[in-house]
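Good morning, everyone. I will take a few minutes to go through one structure, starting with its charged pairs and ending at its surface. Please have a look at it first.

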Amino acid sequence: MKIGIEAQRIFRKNKHGMDYVVLQEIIELQKMDHHNEYFVFVAPGPDVCISDSANVHVIEIGGGFYPLWEQWSLPRAARETGVELLHCTSNTAPIFCDIPLILTLHDIIFLEPRDKNNRSLYQNMGWFYRRMVVPRILRKCRRIITVSEFEKNNIIEKLGLSEKVVKRIYNGYNEWFRHTEDHDSVFAKYIDERGYLFFLGNTDPKKNTERTLIAYSHYLERSSVKRRLLMADLDRQYLDDIISRNHIENIREYINMPGYIVNTDLPYVYSGAFAFLYTSLRESFGIPLLEAMACGTPVVTSNTSSMPEIAGPDAILVNPQETDDICEQIIRLENDKDFYEEQVEIGLKRAKLFSWESTAEQLLALYETVYREKKY
């Protein structure tokens, strides 16, 4: 079987969630499957993170900005290589393509109410593109993969799809995410002391950055320790606007904002943290939850969308709309040593339930099922 996998963005330097998902899936398939032939379609970039092997061929194709690349360059390359299945991994796919299609639809946030004024131009363009493309390709898909039961049920209900068509395959996390004491020299690139709070916030409203910072302000007022807050991937002007709008000037001197944190540095950053804050309003999965847990770092996360499903019933689950709730759980971790150690153990056990190997095994089984259906 010749299988095509769309992995357009994996060669870019600053990768994010969906990029890592498809990269790890390809790496695991490359390890386990020596029978089928794979063609991985990527856009040129500086971080050449996978290479050819006996049955895996990495095909770099140009084509300009993403919609043109996906709608024109990708289907043309797929036809030229003769692939018999095409797996598009990032929510959208070519509208005009006669190759049997599998789509990974990580979420359908683009169908939900939004405030366009609180999003960047790039985010608004992505929202518009998904709303235009997804309804046109759904009926062409042999299977639609999503990453949690929450999102599966959401997709079936809102898009009117058959349960047979939508397949839930959980994400995993990389094996190098584990607790390490030898991390001072690495996390020191981002913050100068251990025992900090760590938050992966950005300007996307779903990340709940503003409420989390208000909660942190409350924490500083109540805590005798006053742990610093390390925030990745956030613009300084965005932070200044939040501080000014909410009159929380007290947080400014306690915040470190190093920008993008290299993925291979993250295990050290998690290990150096006192706790990890993952207080989003909505997530389809939440890989950082598992990464932090695997590093032995307690997680404060939300009781909404997929987060209880992934973090588990014994995790610290808060109402992300309630800043006092977020603050209270940070204080509890700080004041209750037994509770803190219990959360470390809960996280370590929970993370072991997920792996990229399991993800790839289920993906391969799905490819084979769709191929058999195609033949008959």
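**Salt bridges, strands and helices**

A search of the whole structure finds 15 salt bridges, a salt bridge being a side-chain nitrogen of Lys or Arg within 4 Å of a carboxyl oxygen of Asp or Glu. Before I go on, this is a predicted model: local features need pLDDT of at least 70, side-chain atom pairs count only at pLDDT 80 or more, and totals for chains, interfaces and linings use all residues. Residues are numbered from 1 along each chain as its sequence is written, and side-chain values use heavy atoms, with hydrogens and water left out.

Back to the charges. Side chains of opposite charge can pair when their charged atoms come close. One of these pairs is Lys206 with Glu283, where the closest N and O atoms are 3.6 Å apart. Lys206 sits in the loop between strand E8 (196-199) and H6, and Glu283 in the loop between E11 and H9, so the pair ties together parts that are 77 residues apart in sequence. The names H and E stand for helices (H or I, at least four residues) and strands (E, at least two), which are DSSP runs numbered from the N terminus.

Are Lys206 and Glu283 buried or exposed? Lys206 is buried, with a relative accessible area of 19%, and Glu283 is buried at 5%. Here buried means under 20% relative accessible area, exposed over 50%, and partly exposed in between, with a 1.4 Å probe and protein chains only. Lys207 belongs to the picture too, since Lys206, Lys207 and Glu283 are linked in a network of salt bridges.

Helix H7 takes part in two further pairs. Glu210 and Arg245 meet in a salt bridge of 2.9 Å, N to O. That pair links distant parts of the chain, with Glu210 in helix H6, Arg245 in helix H7, and their positions 35 residues apart. Asp240 pairs with Arg252, the closest N and O atoms being 2.7 Å apart. Asp240 is in helix H7 and Arg252 in the loop between H7 and E10.

Now the strands. Which elements make a right-handed β-α-β unit with H7? They are E9 and E10. Right-handed means that, with the strands pointing away from the viewer, the path from the first strand over the helix to the second runs clockwise. E9 (residues 229-232) and E10 (residues 255-259) run parallel and are joined by 3 bridges; two strands pair if DSSP finds at least two bridges between them. Leu229 stands opposite Ile255 in E10.

A second right-handed unit is made by E11, H9 and E12. Its helix, H9 (residues 287-294), has 8 of its 8 residues buried, so it is largely enclosed by the rest of the structure. After H9 comes Gly296, with a positive phi near 75 degrees.

Strand E12 pairs in the parallel sense with E11 (residues 273-278) over 3 bridges, and 3 bridges also join E12 to the parallel strand E13 (residues 316-318). In a regular strand the side chains alternate between the two faces of the sheet. In E12, Val299 and Thr301 point one way and Val300 and Ser302 the other, and all are buried.

Ser305 is in the loop between E12 and helix H10 (307-311). Its phi is near 50 degrees, a positive value in a residue other than glycine.

That is the end of my part.
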